[in-house]
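Dear colleague,

I am handing over to you the structure shown below. After it you will find a short account of what was found in it.

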Amino acid sequence: MASLLSDTEIQKRFSQLSGWTVEGNQLRCTWEFKDFIAAIAWVNKLVEPSEAAAHHPDIEISYNKVTVNLTTHDAGGLTEKDFALAQQISQLD
């Protein structure tokens, strides 16, 4: 199981992310697309990096907006896995 990060470690890693917020024990980011089809196409791009990391985000879709929430459920909070996947997701276009 992945180890929880300390508040200091979370802040250090968070400072390297753009567009994400820390809300409770999760990372959260919302993207907006031109329409539903574009939003779903982008969500499909999440599959490969998520599967490769064996770490799966919680995803909310509302027409053209996609919100991604990352937390390591079995650890009960934020771990290195969350920040690594957030970095990968941020690089998707």
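**Strands and sheet**

Strand 3 (residues 58–62) and strand 4 (residues 65–70) run antiparallel and are joined by five bridges. Here helices (H or I, at least four residues) and strands (E, at least two) are DSSP runs numbered from the N terminus, and two strands pair if DSSP finds at least two bridges between them. Please note that this is a predicted model, in which local features need pLDDT of at least 70 and side-chain atom pairs count only at pLDDT 80 or more, while totals for chains, interfaces and linings use all residues. Residues are numbered from 1 along each chain as its sequence is written, and side-chain values use heavy atoms, with hydrogens and water left out.

Strand 4 also pairs with strand 2 (residues 26–32), in the antiparallel sense and over six bridges. K65 of strand 4 is the bridge partner of S62, and K65 also stands opposite E32. R28 has N69 as its bridge partner in strand 4. R28, in strand 2, is in turn the bridge partner of T21. Strand 1 (21–23) runs antiparallel to strand 2, and three bridges join the two.

Taken together, four strands form an open sheet in the order 1-2-4-3, with antiparallel pairing. Strand 1 and strand 3 are at its edges and have a single partner strand each, so one side of each is left without a neighbour in the sheet. From one strand to the next the twist averages 25 degrees (axes are lines fitted to C-alpha atoms, for helices over the stretch in contact, and angles run from 0 to 180 degrees between N-to-C directions).

**Overall architecture**

The protein has four helices and four strands, which follow the pattern α-β-β-α-α-β-β-α along the sequence. Its radius of gyration, taken over C-alpha atoms, is 13 Å. The globule rule (2.2 Å times the number of residues to the power 0.38) gives a close value of 12 Å for 93 residues, so the protein is as compact as a globular protein of that length. Along the principal axes, the C-alpha atoms fill a box of roughly 40 × 25 × 20 Å. Contact means heavy atoms within 4.5 Å; among contacts between residues at least 6 apart in sequence, 64% join residues at least 24 apart.

**Burial and the core**

Of the 93 residues, 37% count as buried (under 20% relative accessible area; exposed is over 50%, and partly exposed lies in between; 1.4 Å probe, protein chains only). Five of the six residues of strand 4 are buried, so this strand is largely enclosed by the rest of the structure.

Which residues of helix 4 (residues 80–90) are buried? They are D82, F83, L85, A86 and I89. Seen down the axis of helix 4, these fall within an arc of 165 degrees (the arc of the directions from the helix axis to the C-beta atoms), so they line one face of the helix. Their cover includes helix 1 (7–14), strand 2, helix 2 (36–45), helix 3 (47–53) and strand 4.

The largest nonpolar core, a set of buried Ala, Val, Leu, Ile, Met, Phe, Trp, Tyr and Cys residues joined through side-chain atoms within 4.5 Å, has 20 residues. W20, L27, W31, W42, V68, L70 and I89 have the most contacts inside this core. At least two of its residues come from each of strand 2, helix 2, strand 4 and helix 4, and helix 4 gives the largest share, four residues. Leaving aside neighbours within four places in sequence, W20 touches residues including F14, L27, W31, V68, L70, A86 and I89.

**Turns and loops**

Most residues other than glycine have a negative phi. A54 is not a glycine, yet has a positive phi of about 50 degrees. A54 lies in the loop between helix 3 and strand 3 and, at 54% relative accessibility, counts as exposed. Y63, likewise a residue other than glycine, has a positive phi near 55 degrees. Y63 belongs to the hairpin of strand 3 and strand 4, which has two residues between the strands, and counts as exposed at 52% relative accessibility. Strand 1 and strand 2 also form a hairpin with two residues between them, and G24 in that turn has a positive phi of about 65 degrees.

With kind regards
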